[in-house]
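Trainee: I'm new to this one and would like a close look at a single part. Could you pick a pocket and walk me through what surrounds it?

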Amino acid sequence: MITVQKIFEARDQIKDIVKETPIFQSTLLSDLAGNKLFFKAEHLQRTGSFKIRGATNKVMHVAKNGATFVTAASSGNHGQAVAYISNKVGIKATIVVPEDAISSKIKAIQAYHGSIETCGTTSAERLPRAKQLANENEGVFIPPYDDPYIIAGQGTIGLEILEQLDSVDVIVVPIGGGGLISGILSAIKEVKPSIQIIGVEPETANDTLLSLKKGEIVAIQQTKTIADGLRTSQPGSFTFPIVQKYIDDIVTVSEQEIQDALFLMLERTKQIIEPSSATTVAAVLNDKLNVRDKNIVCVLSGGNVDVRTLSSFFNR
Ligand SMILES: *Cc1c(COP(=O)(O)O)cnc(C)c1O
């Protein structure tokens, strides 16, 4: 378990790097949802997603303990975040990416001076390689979610929501490996347990829902959901007990619901969010939560979607 104290320490550690992101409202979407909707805008966060919070907390911790080299296995938001913060604190980072990673993502990592190594096409290939690279070079492997420092960093979003919106009733959070939601649960549930915290997974990536039902960690086959930040095949050994202890509910959304929510956000609020973020909007718009007249915060976890990918959704 992660104490609220650890999350305050994380906030202090990351305060010079991470932005306090705004919360905005939409009357039109609120009317459609039958609830008052608020959006926590992590798509406007440095590096384009919340991942910079946990990555900064962890990398600054290991750098203070003398590390001069770190690795990560992700072509997505975690890889960008680790490259960004490593460059900021002056240590080297190698990011292991799949052979078929799209070039815009590789360019983003390189723009933050991260070195790239390609390896296979699955996380089962990339993860051991990133760990091995760290071992061979006296470096530290930075995990994407299953780590107390990462979870505490993501939890700082929970502290901000409590301060920014006193009257919040429900918080809706996307679930990949569970670092984001377990951080938010840890920040809020010991302080204000009456706030409902609801997780969202794509129908095809429902590993945490299945694990909760079974009462133990269940792994699923890798999926192809458009929510690429949520393709993780199982919850983590640190994250899952936290989710199990505190979560109020998990709901799932279809690929079509995710896409429709993403378009609606673009048209009505002029915000570009990535599919993983759109899952929370999809859940409230399709009435998956079964609540009325509540103040609901949807966590918009990131905005990194390239224009070509977006236009391919439009043409489907
Ligand atoms: C990583 C990620 C998630 C899921 O976070 P977990 O900590 O793995 O549950 C959600 N949205 C975006 C944009 C992400 O990058």
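**The second largest pocket**

Mentor: Sure: the second largest pocket is lined by Ile2, Lys6, Glu9, Ala10, Gln13, Asn57, His61, Pro148, Tyr149 and Ala152. Three elements each give two or more residues to that lining: α1 (4-14), α3 (51-64) and α7 (148-164). The biggest share comes from α1, with 4 residues. Helices here are DSSP runs of H or I with at least four residues, strands are E runs of at least two, and numbering starts at the N terminus.

Keep in mind that this is a predicted model, where local features need pLDDT of at least 70 and side-chain atom pairs pLDDT 80 or more, while totals for chains, interfaces and linings use all residues. Residues are numbered from 1 along each chain as its sequence is written, and side-chain values use heavy atoms, with hydrogens and water left out.

A pocket, on a 1 Å grid over the protein atoms alone, is an open set of points where a 1.4 Å probe fits, with protein on both sides within 12 Å along at least five of seven lines; lining residues have an atom within 4 Å of a point. This one has a volume of about 190 Å³, volume being the space filled by probe spheres set on the points, which are joined across faces, edges and corners.

What sort of residues make up the lining of the second largest pocket, by class? There are 5 nonpolar, 3 polar and 2 charged ones. Here Ala, Val, Leu, Ile, Met, Phe, Trp, Tyr, Cys and Pro count as nonpolar, Asp, Glu, Lys and Arg as charged, and the others, Gly among them, as polar.

For another set of surroundings, look at the ligand. Its shell holds 6 nonpolar, 9 polar and 2 charged residues. The closest of the 17 surrounding residues are Lys51, Asn77, Gly176, Gly178 and Ser301, where being near takes a heavy atom within 4 Å. A polar side-chain atom of lysine 51 sits 2.8 Å from a ligand oxygen atom, and a polar backbone atom of glycine 178 is 2.7 Å from an oxygen atom of the ligand. Serine 301 has a polar side-chain atom 2.7 Å from a ligand nitrogen atom.

Notes
Polar contact = N/O pair within 3.5 Å; in protein donor to acceptor, adjacent residues only side chain to side chain.
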